[in-house]
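Here are my notes for you, point by point, with the model open beside them. I start from a single residue and work outwards from there.

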Amino acid sequence: AVATGVALFNSGLGGPGQLVEISAQDCLMVEEHQVSRYGQDGHIIGREGNQHGSAAPGAVYAVQDGFAHIFVANTWPQFLDWMGRPEPLTDDAWQQGAFRRANVDLLNPYVRQFAAGFTREQIVQEGQSQRIPVMPVNRPEDVAEDTQLNGIGFFYEGEHSQVGPTRYAGAPYRMEATPPRLYRTAPLLGEHNKEVFTALGVTAAELAVLRANRII
């Protein structure tokens, strides 16, 4: 979107049109800090699983009915109070994020024990009420039943010729004048051959030959 906007802006200033190429791999690489870190000092970052590189707690923890992600950066005092202030974690050193991350193996057993006392809904609601970032790890059915997504009309309902009533993910944007809508469901193999080839100038007789020879 940014690249297209820049090209259009340049064209509007009297500049020529231009080709804009977007690579999904390039987009991912520009968001990664491993390349710049390696370029600075040759350091190769190791695998860390779901543990955040600097925040602690900053990982996925098991709860009674699944998993939840807890992220603590500047909210350590609130999180410590929420956990009931376990005595080994009350030393002033734990106030420092770098210290917590360096000693996450000592910290995590307390967080795991704490998280195990909640359901996903409970830990998310209590955490967010205290402005501590806590989010559930959702299953597909959780996403489909999400009150926020359903409330904003994110899902589209369609009728597929073979599957029947089907729910589809909607567009991630809202446009007042031209709202997105579902025109048709996923096609069957070759379902629109006639429309496509006719638009390309292929005659009915030629289509018949293509079908007879199992080309389409």
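1. Let me begin with Ile123. Leaving out residues up to four places away in sequence, Ile123 touches Val63, Ala68, Ile70, Trp82, Ala115, Phe118 and Val134. Please keep in mind throughout that this is a predicted model.

2. Ile123 also belongs to a wider group. The largest nonpolar core holds 24 residues, and Ile123 is among those with the most contacts inside it, together with Ile70, Trp76, Phe79, Trp82, Met83 and Val134. At least two core residues come from each of S1, S2, helix H4 (76–82), H6 and H7. Which element gives the most to this core? H6 does, with five residues.

3. Next, the sheet. Three strands make up an open sheet, ordered S1-S2-S3, with antiparallel pairing. Strand S1 (58–63) and strand S3 (134–136) are the edges, each pairing on one side only. Ignoring direction, neighbouring strands of this sheet are turned by 25° against each other on average. S1 and strand S2 (residues 66–71) run antiparallel and are joined by six bridges. As a register check, you can use Ala59, whose bridge partner in S2 is Ile70; Ile70 is also one of the core residues with the most contacts.

4. Two helices lie across these strands. Helix H6 (residues 104–115) lies across S1 and S2, and runs at about 40° to S1. H7 lies across S1, S2 and S3, running at about 155° to S3. If you set up axis vectors of your own, these two angles would be handy values to compare.

5. His69 is a good place to look at the sheet from within, as it lies in strand S2. Is His69 buried, partly exposed or exposed? With a relative accessibility of 27%, His69 counts as partly exposed. Apart from neighbours within four places in sequence, His69 is in contact with Asn50, Gly58, Ala59, Val60, Pro133, Val134, Met135 and Val137. From His69 to Asp142 the C-alpha to C-alpha distance is 15 Å, with their positions 73 residues apart in sequence.

6. Asp142 brings us to the charged pairs. How many salt bridges does a search of the whole structure find? The count is five. One of them joins Arg120 and Asp142, whose closest N and O atoms are 2.9 Å apart. This pair links distant parts of the chain, with Arg120 in helix H7 (residues 120–129) and Asp142 in helix H8 (residues 140–144), 22 residues apart. Arg120 counts as buried because its relative accessibility is 9%, and Asp142 is buried too, at 15%.

7. A second salt bridge to look at is that of Arg167 with Glu157, where the closest N and O atoms are 3.1 Å apart. Here too the pair links distant parts of the chain: Arg167 sits in strand S5 (residues 164–169) and Glu157 in strand S4 (residues 155–160), 10 residues apart. Arg167 is partly exposed at 39% relative accessibility, whereas Glu157 is exposed at 54%. Salt bridges with shared partners also join Arg120, Arg139, Glu141 and Asp142 into one network.

8. Arg85 offers another case. Arg85 forms a salt bridge with Asp81, and their closest N and O atoms are 3.0 Å apart. Where do these two stand on the accessibility scale? Arg85 counts as partly exposed, at 43% relative accessibility, and Asp81 is partly exposed as well, with a relative accessible area of 46%.

9. The strands that carry Arg167 and Glu157 deserve their own point. S4 and S5 run antiparallel, and six bridges join them. Three residues lie between S4 and S5 in the hairpin that they form. Which residue in S5 does His160 stand opposite? The residue is Gly164.

10. Last, a loop position. Arg47 is found in the loop between helix H3 (34–41) and S1. Arg47 is classed as exposed because its relative accessible area is 88%, and the cut-off for that class is over 50%. The C-alpha atoms of Arg47 and Gln25 are separated by 20 Å, and the two residues are 22 apart along the chain.

Conventions. Residues numbered from 1 in each chain as written. Predicted model: local features only at pLDDT ≥ 70, side-chain atom pairs only at ≥ 80, totals over all residues. Heavy atoms only, no water. Salt bridge = Lys/Arg side-chain N within 4 Å of Asp/Glu carboxyl O. Buried < 20%, exposed > 50% of the residue type's maximum accessible area, 1.4 Å probe, protein only. Helix = DSSP H or I, 4+ residues; strand = E, 2+ residues; numbered from the N terminus. Pairing = 2+ DSSP bridges. Axes fitted to C-alpha atoms, helices over the stretch in contact; angles between N-to-C directions. Contact = heavy atoms within 4.5 Å. Core = buried A, V, L, I, M, F, W, Y, C linked by side-chain atoms within 4.5 Å.
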